[in-house]
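Hi,

Here is the structure I said I would pass on. Have a look at it first, and my notes are underneath.

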Amino acid sequence: MRGLWAGLCGHVIVVCALLGWVWTAPGSAQPFPSRPITLIVPFSAGGPTDTLARILSERIAAELHTTIVVENVAGASGTIAGARVARATPDGTTITIGHWGTHVLNGAIFKLPYDVLADFEPVAMIAMGTQLIVGRKSLEANNLKEMIAWLKANPGKATAGTAGAGTGAHVAGVFFKEKTGTDFQFVPYRGAGPAMIDLVAGQIDIMFDQASNSLPQYKNGAIKAFAVTSPTRLASAPDVPTVDEAGLPGLYISYWHGIWAPKNTPKEIVTKLNAAIVAVLADPTVKARFGELGQEIPPVDQQTPAALAAFQKAETEKWWPIVKAADIKPE
């Protein structure tokens, strides 16, 4: 009887295996991704980081044969989103897009419940950008020298919009003040998108803004652009001079973006996410969209997790001493 029962069980196992009905033990690993992925954007909808996330998300989802939900978690210069991602289950279903501000500057400015270097797994560098120094359309200046002269003639009266205290726009503004001897007020918003709305409406005077956020409004004639914070002009805005050409040499700020997962996300998941992102970044349509926003896609060898980790570390070593020496604090 035992022999007959064993034989029947053996036949059942063989049939189940052939039909793909093999039972999976509870807690055993399933192929990634087995569930939708949430892509956390640390700022409000409509801003530059959100725009890049939405360009990428649908295409990455297609590469991975899954759904990607873009979720905006704004506030505290991106630190609320950072804390959420750092605490998330490290299974690849929660990832975040971030940049120079969220994953470098925040560590020098805020007392964080996480470490910007140690509590995330770098996935891929996705874009290298810059800032534009821009102003409302009715501003009484037509170039950077005239803008600086106007600020000096109106000390403490002008307003500069930022995506929050301690963000890249804020840090750039502080350096600009020190470099030019000017004085103006910072107006923090819950993202660059809302700040740009007020700049277009003439409610604030100037911004030190990511090119991806400012270029559309500049090209539409809604704002003025005085300079780009890089040593070379933007291909997408060749008429805007560099800070060197405009009379403020050396004020270079690279506003790069990357993708991170929570620390201890399995290497094979990070590798799969990276491969999907690299494939998307090679798409000519994506390259064109990024170019329109003043963003350059880095070379393939700089899109690896290791390359992002090394670059982020180098940026931290460069900017933390500068930020701390300037005593930049959250407002």
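Below is what I found, starting with the whole chain and then going into one sheet.

Please keep in mind that this is a predicted model. The protein has 331 residues, and 53% of them count as buried. Its C-alpha trace spans about 100 × 40 × 35 Å along the principal axes. In secondary structure, I get 12 helices and 10 strands. If you take the contacts with a separation of 6 or more, 78% of them come from residues 24 or more positions apart.

On the surface side, the accessible area is about 15,000 Å², and carbon and sulfur atoms hold 58% of that. The charged side chains come to 27 positive and 27 negative, with the centres of the two sets 3 Å apart.

Now the sheet. It is an open one of five strands with mixed pairing, and the order is 2-1-3-10-4. Strand 2 (68-72) and strand 4 (120-127) are the edge strands, each pairing on one side only. On average, neighbouring strands here are turned by 25° against each other, direction ignored.

One pairing to look up in the viewer is strand 3 (residues 94-99) with strand 10 (residues 257-262): the two run antiparallel and are joined by four bridges. Within that pairing, Ile97 sits opposite Ile259 of strand 10.

Then there is helix 4 (residues 100-109), which lies across strand 3, strand 4 and strand 10. Helix 4 runs at about 75° to strand 3.

Cheers

Note on methods
Residues numbered from 1 in each chain as written. Predicted model: local features only at pLDDT ≥ 70, side-chain atom pairs only at ≥ 80, totals over all residues. Heavy atoms only, no water. Buried < 20%, exposed > 50% of the residue type's maximum accessible area, 1.4 Å probe, protein only. Contact = heavy atoms within 4.5 Å. Areas by Shrake-Rupley, 256 points an atom, 1.4 Å probe, with all protein chains shown as cover. Lys, Arg positive; Asp, Glu negative; His and termini not counted. Charge placed at Lys NZ, Arg CZ, Asp CG, Glu CD. Pairing = 2+ DSSP bridges. Axes fitted to C-alpha atoms, helices over the stretch in contact; angles between N-to-C directions.
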